[in-house]
Amino acid sequence: MSTCAPSGPAGAGDVLDVLGVGFGPSNLGLAIALAEHGDAAEAAGRRLTARFLERQPRFGWHRGMLIDDATMRISYLKDLVTLRNPTSPFSFLSYLHDRGRLVDFINYGSSMPSRLEFHDYLEWAAAAFASQVDYGSEVVTIEPEVGAAGSADSGVEVLTVVARSAAGEVRHRARNVVVATGLTPQLPPGVVAGERIWHSRDLLHRAPSVAGTTPRRVAVVGAGQSAAEVADFLHRTFPAAEVCAIFSRYGYSPADDSPFANRIFDPGAVDDFFDASDDAKRRILGYHANTNYSVVDPELITDLYRRHYHERVAGTERLRILNLTRVGDVVETDDRVELALESVVDGSRDVVSVDLVVFATGYRSSDPLRLLPALAGTCRRDPAGRLRIGRDYRVETDPELRAGVYVQGATEHSHGISSTLLSNVAVRSGEIVASIATPAAIAAAPVGGNGVDLAELRGAR
Ligand code: FDA
């Protein structure tokens, strides 16, 4: 543990069994799995204590892209619980029942709810755990602790999680941390977000800033699902504006949502992927990238194409497809953005002036260890520099670090393509709880604590 710089004891606070960093769908799924495990563990007289820290002021799942008619890309049966526990009170069906819409949803006739409805479901589930979550609390670092439970030579059993909130700095002590901080929005190199340069994640947050104005030309860069949704949104929202869809591909490509390919998101696919060689992993990701990356819902492609065609017929072309085109320099002036465009075909260049540009250029995984700099030398990496993560999502460490560091999300290299998605949240949460719930982990936790009583939750609704 030579690279660790252990802090002293964090204070008199109790040591939690689980401290979740971030409270998006992944750690919400974990909170439910912990609560349901707690019900079962009640008989044994022990339940795990848990707390979650979330930097947003309230629960929110990609609020900036909650476009009114956007639909989920997965079945409602891949909710927070069903694949792990079909009888859970936190299923999408329970939510519908609670909202009085069960039969209406059946008549709706699709297994894919709208994104707005799924967000409402997630908020509904998150509300039941409000007492376990500190919103407006951003984790800034996680430190190893030596103190009552450990000493320099016996290793580190407790981690101190340091969070910043309006109330100042708060320190929490935990035997396990589960880092589920999601992905980081990505802009092309050299592009900086500004008044008129947005990332798609901020679309609905920024759109009101131009409400009441009449943009003449707007642009969206990218060819994936978000890019197509943004093009559609801008086209509907600004009926007088030309919408330039700019991408280096020839055209939008359809997402492969066919049943055999969909098995790549099955819980069993995680085992296959985890056990595969590096070469096989690369191939699997390559074969099925078109289930998730740079692809678009076929219905939306058809809709955009028809709109584009009808406009051409009418001689009022507003939806402009600038395919085989790369964006170079992006310069924001007082009231415009100048986009340097380059043809992929012959390298010819042009400059287009727009009122605003939305970069739907995706997200990247960030290294969870950025929050644990003092543990960097203790956590193991593969020859490519990627974190070694066990099948149970626990980061492999030197034996001196006995506290558990678990990761949800940033595990595509080890657990496969479903890592950053919702498909596997239910099962993965159960696997993490099973890993944490060893006798040693629960020994010190009294019944009750911060654990959630499901009967109480049901009553509270
Ligand atoms: P998520 O990003 O949702 O949550 C992480 C949380 O951690 C955030 O709330 C963040 O504020 C918080 N956080 C970050 N750093 C922190 C810190 N230092 N301290 C405290 N809190 C911190 N997938 C799918 O399967 N089906 C679908 O239909 C869609 N649809 C979809 C639409 C759009 C517009 C996007 C952008 C993405 C999707 N996805 C998707 C993929 C999506 O990433 C996935 O559904 C979940 O958001 C993953 O949940 P997580 O909880 O892992 O991350």
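**Close-up views of the ligand site, Ser 91, H12 and Arg 388**

**View 1. Backbone contacts hold the focus at the ligand.** In this predicted model, a backbone N or O atom of Leu 422 sits 2.8 Å from an oxygen atom of the ligand, a polar contact (a pair of N or O atoms within 3.5 Å; within protein, one must be able to donate a hydrogen and the other to accept it, and residues adjacent in sequence count only if both atoms are side-chain atoms). On its own the ligand has 980 Å² of accessible area, and the protein covers 90% of that (Shrake-Rupley method, 1.4 Å probe; for residues, only the protein chains shown count as cover). Two or more shell residues come from each of helix H1 (25–41), strand S3 (50–54) and strand S5 (138–145); helices (H or I, at least four residues) and strands (E, at least two) are DSSP runs, numbered from the N terminus. Arg 73 also puts a backbone N or O atom 2.8 Å from a ligand oxygen, while for Val 139 the partner is a ligand nitrogen, at 2.9 Å.

Numbering starts from 1 along each chain as its sequence is written. Because the model is predicted, local features need pLDDT of at least 70 and side-chain atom pairs pLDDT 80 or more, whereas totals for chains, interfaces and linings use all residues, and side-chain values use heavy atoms, without hydrogens and water.

**View 2. Ser 91, in the loop between S3 and helix H2 (92–99).** With 6% relative accessibility, Ser 91 counts as buried (under 20% relative accessible area; exposed is over 50%, partly exposed in between; 1.4 Å probe, protein chains only). A polar atom of the Ser 91 side chain lies 3.0 Å from the backbone nitrogen of Ser 94. Leaving out residues up to four places away in sequence, Ser 91 touches Asp 79, Val 81, Thr 82, Tyr 121 and Trp 124 (contact: heavy atoms within 4.5 Å).

**View 3. Helix H12, residues 425–436.** Look here for a helix largely enclosed by the rest of the structure, as 9 of its 12 residues are buried. Among them are Val 425, Arg 428, Ile 432 and Ile 436. From first C-alpha to last, H12 reaches 16 Å, close to the 16 Å expected at 1.5 Å a residue (1.5 Å times one less than the number of residues).

**View 4. Arg 388, in the loop between strand S18 (363–364) and strand S19 (404–407).** Arg 388 is partly exposed, at 36% relative accessibility. Its contacts, not counting residues up to four places away in sequence, include Arg 380, Asp 382, Arg 394 and Glu 396. Thr 411 is 23 residues from Arg 388 in sequence and 9.2 Å in space, C-alpha to C-alpha.
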